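Here is my note on this model, set out as numbered points. Please read it with the structure open.

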Amino acid sequence: MRTPRSASGWTMAVFGALAAALGAVGLIAPTAQLSLLGLAAPGGQGSGGLTPAFVTASSMAALNMGAYYILAALADWRAFFRWTVPFRLLTCTVFTVAVLTGRAPGAFVGVGVWEGLGAVATGAALRYERRTAAAGDPDGSAVAPGPADRAEA
């Protein structure tokens with residue numbers, strides 16, 4: 001079985017696995033997903049009640065995103081890893097502001113924290129790997145940039 005070849009790849013794989021798992025939960029047991037987010041499951045589909053549609057859409061997006069992250073981790077596609085950092089920080093900001101302004105329940109802070117910590121972990125791993133590679137990797141423990149990264153240079 002293939003595994004990620006770098007610390008940054010592992011951060012992406014873990015995030016991807018969690019996103020895929022939570023997406024699957026939302027598709028299989030939408031009320032469980034809603035309770036994780038601090039939302040009450042609707043009693044029935046009333047006129048204009050779109051909660052089931054939004055849970056389905058966001059869960060499918062999370063499942064797909066998780067798969068992309070895992071595949072990128074297995075390919076050690078560090079350019080993709082770098083692209084995710086600012087956008088995950090943006091997601092952290094949006095979810096946190098949504099809670100602070102009353103637009104989302106307090107449990108959504110967890111989503112923001114998850115995104116923010118993941119972005120920081122990936123960014124820190126990428127920085128460490130870049131510095132180690134620039135220093136010539138004296139102990140041979142760093143992983144060289146993946147093929148996709150060398151092609152971009």
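1. Helices and strands here are DSSP runs, numbered from the N terminus; a helix is H or I over at least four residues, and a strand is E over at least two. On that basis the protein chain reads α-α-α-α-α-α along the sequence. The tally is 6 helices and 0 strands. Keep in mind that this is a predicted model.

2. Overall burial and contacts. The protein chain has 153 residues, and 31% of them count as buried. Take the contacts between residues at least 6 apart in sequence: 75% of these join residues at least 24 apart.

3. The largest pocket. How much space lies in the largest pocket? About 770 Å³. The lining comprises 24 residues, and the closest to the pocket centre are Leu 37, Ser 58, Phe 95, Phe 108 and Val 111. A probe the size of a water molecule, rolled over the atoms, shows where empty space is left.

4. Who lines the largest pocket. At least two lining residues come from each of α1 (7–28), α2 (30–36), α3 (51–75), α4 (78–100) and α5 (108–134). Helix α3 gives the largest share, with 8 residues. By class, the lining splits into 16 nonpolar, 7 polar and 1 charged residues.

5. The largest nonpolar core. This core has 11 residues. The aromatic members are Phe 15, Tyr 69, Phe 80 and Phe 81. The others are Met 12, Ala 13, Ala 72, Ala 73, Val 85, Ala 119 and Leu 126. Helices α1, α3, α4 and α5 each put at least two residues into the core. In soluble globular proteins, nonpolar side chains tend to be buried together.

6. Ala 72 within the core. Which residues does Ala 72 contact, once neighbours within four places in sequence are left aside? They are Trp 77, Phe 80 and Phe 81. Phe 80 and Phe 81 are themselves members of the largest nonpolar core, as is Ala 72.

7. Aromatic pairs. The whole structure holds 7 aromatic pairs. One of them joins Phe 80 and Trp 83 in an edge-to-face arrangement, at 6.5 Å centre to centre with 75 degrees between the planes. Both residues sit in helix α4, 3 residues apart, which is about one turn of the helix. Phe 80 counts as buried because its relative accessibility is 17%, under the 20% cut-off. Phe 80 and Trp 83 also belong to one aromatic cluster with Phe 15, Tyr 69, Trp 77 and Trp 114.

8. Asp 76, worth a look. Asp 76 lies in the loop between α3 and α4. Its phi is near 55 degrees, a positive value in a residue other than glycine. Most residues other than glycine have a negative phi. Is Asp 76 buried or exposed? Asp 76 has 1% relative accessibility, so it counts as buried.

9. Ser 8. This residue is placed in helix α1. Ser 8 counts as buried because its relative accessibility is 0%. Not counting residues up to four places away in sequence, Ser 8 touches Arg 78, Phe 81, Thr 122, Ala 125, Leu 126 and Glu 129. Two of these, Phe 81 and Leu 126, are in the largest nonpolar core.

10. Leu 27 and Ser 59. Leu 27 is in helix α1, and Ser 59 is in helix α3. With neighbours within four places set aside, Leu 27 contacts Thr 56, Ser 59, Met 60 and Leu 63. Ser 59 touches Gly 23, Gly 26, Leu 27 and Gln 33 on a like count, residues up to four places away being excluded. Leu 27 and Thr 56 are 29 residues apart along the chain, yet their C-alpha atoms are separated by 5.9 Å. Burial is as follows. Ser 59 is at 1% relative accessibility, so it counts as buried. Leu 27, at 35%, counts as partly exposed.

11. Val 120. Helix α5 holds Val 120. Val 120 counts as exposed because its relative accessibility is 51%, over the 50% cut-off. In sequence, Val 120 and Thr 11 are 109 residues apart. In space, they are 9.8 Å apart, C-alpha to C-alpha.

Notes
Residues are numbered from 1 along each chain as its sequence is written. This is a predicted model: local features need pLDDT of at least 70, side-chain atom pairs count only at pLDDT 80 or more; totals for chains, interfaces and linings use all residues. Side-chain values use heavy atoms; hydrogens and water are left out. On a 1 Å grid over the protein atoms alone, a cavity is a set of points where a 1.4 Å probe fits but cannot get out, and a pocket is an open set with protein on both sides within 12 Å along at least five of seven lines; lining residues have an atom within 4 Å of a point. Grid points are joined across faces, edges and corners, and a volume is the space filled by probe spheres set on the points. Ala, Val, Leu, Ile, Met, Phe, Trp, Tyr, Cys and Pro count as nonpolar, Asp, Glu, Lys and Arg as charged, and the others, Gly among them, as polar. A nonpolar core is a set of buried Ala, Val, Leu, Ile, Met, Phe, Trp, Tyr and Cys residues joined through side-chain atoms within 4.5 Å. Buried means under 20% relative accessible area, exposed over 50%, partly exposed in between (1.4 Å probe, protein chains only). Contact means heavy atoms within 4.5 Å. Rings of Phe, Tyr and Trp (its six-membered ring) pair if their centres lie within 6.5 Å; planes under 30 degrees apart count as stacked, over 60 as edge-to-face and the rest as tilted.
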